[in-house]
Amino acid sequence: MISVLLWARYARVVRGEALAIRNRDFIGRAQVADASNLRIMFRHIFPNLMNTAVVLATLEMGHVIILRFTLSFLGAGIPMPTPAWGVMVADGRELMVAAWWIFFLPCIAIVLTVSSMNLLGNWLRDKLDPKLRNV
């Protein structure tokens, strides 16, 4: 359900990147060399788009985790028998004074997971960016 709401972000970024790649010199050279449109698309455009799509997916994973946490915390997420961080935090609110770790540990898990996904996205951006590669 969340992917239905967030697909436009991916479509906008990938379309913009595809339009930018389409106007580069190596695409023009491939057209002059009489390469078919499918060959240009699969050989030149898709490999250059994959870097952007992978980095965007890892960075957006943090947003999805926070959104699922919020929905579960408010009671609009996963049904009760299934464990979810939002449900754990909501249940731990009542016990915050007596047993603080019930509230605190799921919050720490969320922070660590979102931070690690952002760090992974930044690392992938640095590794997959052809401008930053050492020759």
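**Notebook: a pocket, two salt bridges and a serine**

I started with the second largest pocket, and its lining reads Val64, Ile65, Arg68, Phe69, Ser72, Ile78, Pro83, Ala84, Trp85 and Gly86. Note to self: this is a predicted model. I looked up the volume next, and the second largest pocket holds about 160 Å³ of space.

Which helices each supply at least two residues of that lining? I found helix 3 (37-74) and helix 4 (85-92). Helix 3 gives the most, with five residues.

I then sorted the lining of this pocket by residue type. I got seven nonpolar residues, two polar and one charged. Arg68 is on the lining list, and Arg counts as charged. Gly86 is listed too, and Gly goes down as polar under the sorting I used.

**Salt bridges**

How many salt bridges are there? I count two.

I took Glu60 and Arg9 as my starting pair: their side chains meet in a salt bridge, at 2.6 Å from N to O. Glu60 sits in helix 3 and Arg9 in helix 1 (residues 2-22), so this pair ties together parts that are 51 residues apart in sequence.

Is Glu60 buried or exposed? I have Glu60 down as buried, because its relative accessibility is 5% and the cut-off for buried is under 20%. Its partner Arg9 is partly exposed, with a relative accessible area of 31%.

The other entry is Asp126 with Arg125. I read 3.6 Å between the closest N and O atoms of this salt bridge. For accessibility, I noted Asp126 as partly exposed at 37%. Arg125 also goes down as partly exposed, at 42%.

**Ser116**

I moved on to Ser116, which lies in helix 5 (residues 100-128). What does the side chain of Ser116 reach? I traced it to the backbone oxygen of Thr113, at 2.8 Å. That counts as a polar contact, because the distance is within 3.5 Å.

I checked the accessibility of Ser116 as well. Its relative accessible area is 37%, so I filed Ser116 as partly exposed, a label that covers values between 20% and 50%.

Last lookup: how far apart are Ser116 and Leu59 in space? I got 9.8 Å, C-alpha to C-alpha, for two residues that are 57 residues apart in sequence.

Notes. Residues are numbered from 1 along each chain as its sequence is written. This is a predicted model: local features need pLDDT of at least 70, side-chain atom pairs count only at pLDDT 80 or more; totals for chains, interfaces and linings use all residues. Side-chain values use heavy atoms; hydrogens and water are left out. Helices (H or I, at least four residues) and strands (E, at least two) are DSSP runs, numbered from the N terminus. Buried means under 20% relative accessible area, exposed over 50%, partly exposed in between (1.4 Å probe, protein chains only). A polar contact is a pair of N or O atoms within 3.5 Å; within protein, one must be able to donate a hydrogen and the other to accept it, and residues adjacent in sequence count only if both atoms are side-chain atoms. On a 1 Å grid over the protein atoms alone, a cavity is a set of points where a 1.4 Å probe fits but cannot get out, and a pocket is an open set with protein on both sides within 12 Å along at least five of seven lines; lining residues have an atom within 4 Å of a point. Grid points are joined across faces, edges and corners, and a volume is the space filled by probe spheres set on the points. A salt bridge is a side-chain nitrogen of Lys or Arg within 4 Å of a carboxyl oxygen of Asp or Glu.
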